[in-house]
Amino acid sequence: MARPKRNFLATAQETSSPPSALDNNHAIARVRKAEGKNLYLVELPKHTDPLLVELPARFRSQIWIKRGGYVLIDTAAFLDRDNKLDGEIVNVVREEKEWRKQSYWPAEFVKKSTYPEDSEDETSTVGKMPPSDDSDADVQG
């Protein structure tokens with residue numbers, strides 16, 4: 001039997017807006033890859049080691065997390081348990097523009113341009129005719 005639609009709408013509403021402030025144990029992390037079984041490998045802005053976090057049951061099959069996306073994690077969720085998990089996903093960043101406006105957004109997670117910047121020594125050939133060879137005109141004429 002399918003879950004009621006009200007559960008999905010409540011979850012979507014909860015993740016649509018960022019919180020006004022973060023708790024001490026909460027941090028914004030970038031998703032590196034899905035490990036399977038609702039486990040994700042994430043990276044914090046100042047850590048070099050990736051963390052393994054779990055997606056709680058209320059988000060499963062309702063909110064999809066893509067690689068390179070951002071999540072809000074709770075690093076103190078599994079401190080009392082002896083396992084390989086480093087935290088739990090508390091919220092999924094869906095409206096990234098709104099989240100970036102918050103004061104707690106890490107400066108290390110800057111918005112990357114879709115198109116890499118061209119260097120100064122390269123010139124664009126978009127909209128220009130290909131170079132003509134004078135030797136071709138001499139041979140034919």
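## Strands and their pairing

Two strands count as paired here if DSSP finds at least two bridges between them. Keep that cut-off in mind for β3 and β5, because they reach it with two bridges, running parallel. One spot to look at is V53, whose bridge partner in β5 is G87. What you're looking at is a predicted model, by the way.

On its other pairing, β5 runs antiparallel to β4, and four bridges join these two strands. Here L72 has N91 of β5 as its bridge partner. Moving on to β1 (residues 26-36), this strand is joined to β4 (residues 70-74) by five bridges, again in the antiparallel sense. If you want a landmark for that pairing, find H26, which sits opposite D74 in β4.

## The β1-β2 hairpin

β1 also pairs with β2 (residues 39-43), antiparallel and over five bridges. A34 is a handy place to check this, since Y40 is its bridge partner in β2. The hairpin made by β1 and β2 has two residues between the strands, and K37 takes a positive phi near 55°.

A salt bridge adds a side-chain link here: E43 and R30 meet at 3.1 Å, N to O. E43 belongs to β2 and R30 to β1, so this pair ties together parts that are 13 residues apart in sequence. As for its surroundings, R30 is buried, with 17% relative accessible area.

## Salt bridges across the model

How many salt bridges does a search of the whole structure find? The count is six. The general idea is familiar: side chains of opposite charge can pair when their charged atoms come close.

Besides the E43 and R30 pair, there's one between K33 and E35, at 3.7 Å from N to O. K33 is partly exposed at 41% relative accessibility, and E35 is partly exposed too, at 39%.

Then there's K101 with E98, where the closest N and O atoms are 3.8 Å apart. K101 is exposed, with 62% relative accessibility, whereas E98 is partly exposed at 38%. Elsewhere, R30, R32 and E43 form one network through salt bridges that share partners.

## The nonpolar core

Nonpolar side chains tend to be buried together in soluble globular proteins. In this model, the largest nonpolar core has 16 residues. Which residues have the most contacts inside this core? They are Y40, V42, I65, V71, I73 and I89.

The strands feed into this core: β1, β2, β3 (51-54), β4 and β5 (87-92) each supply at least two residues. β1 gives the most, with three. Y40 turns up twice in this picture, as the bridge partner of A34 and among the core residues with the most contacts.

## The largest pocket

Rolling a probe the size of a water molecule over the atoms shows where empty space is left. The largest pocket holds about 360 Å³ of space. It is lined by 17 residues, and K66, G68, G69, Y70 and E96 are the closest to its centre.

What classes of residue make up the lining of the largest pocket? Eight are charged, seven are nonpolar and two are polar. Two elements, β4 and α2 (96-100), each supply at least two residues of this lining. So where does β4 fit in, overall? β4 pairs with β1 and with β5, supplies at least two residues of the largest nonpolar core, and helps line the largest pocket.

Key:
Residues numbered from 1 in each chain as written. Predicted model: local features only at pLDDT ≥ 70, side-chain atom pairs only at ≥ 80, totals over all residues. Heavy atoms only, no water. Salt bridge = Lys/Arg side-chain N within 4 Å of Asp/Glu carboxyl O. Buried < 20%, exposed > 50% of the residue type's maximum accessible area, 1.4 Å probe, protein only. 1 Å grid on protein atoms, 1.4 Å probe; cavity = no way out; pocket = protein on both sides within 12 Å on 5 of 7 lines; lining within 4 Å. Points joined across faces, edges and corners; volume = space filled by probe spheres on them. Nonpolar A, V, L, I, M, F, W, Y, C, P; charged D, E, K, R; others polar. Core = buried A, V, L, I, M, F, W, Y, C linked by side-chain atoms within 4.5 Å.
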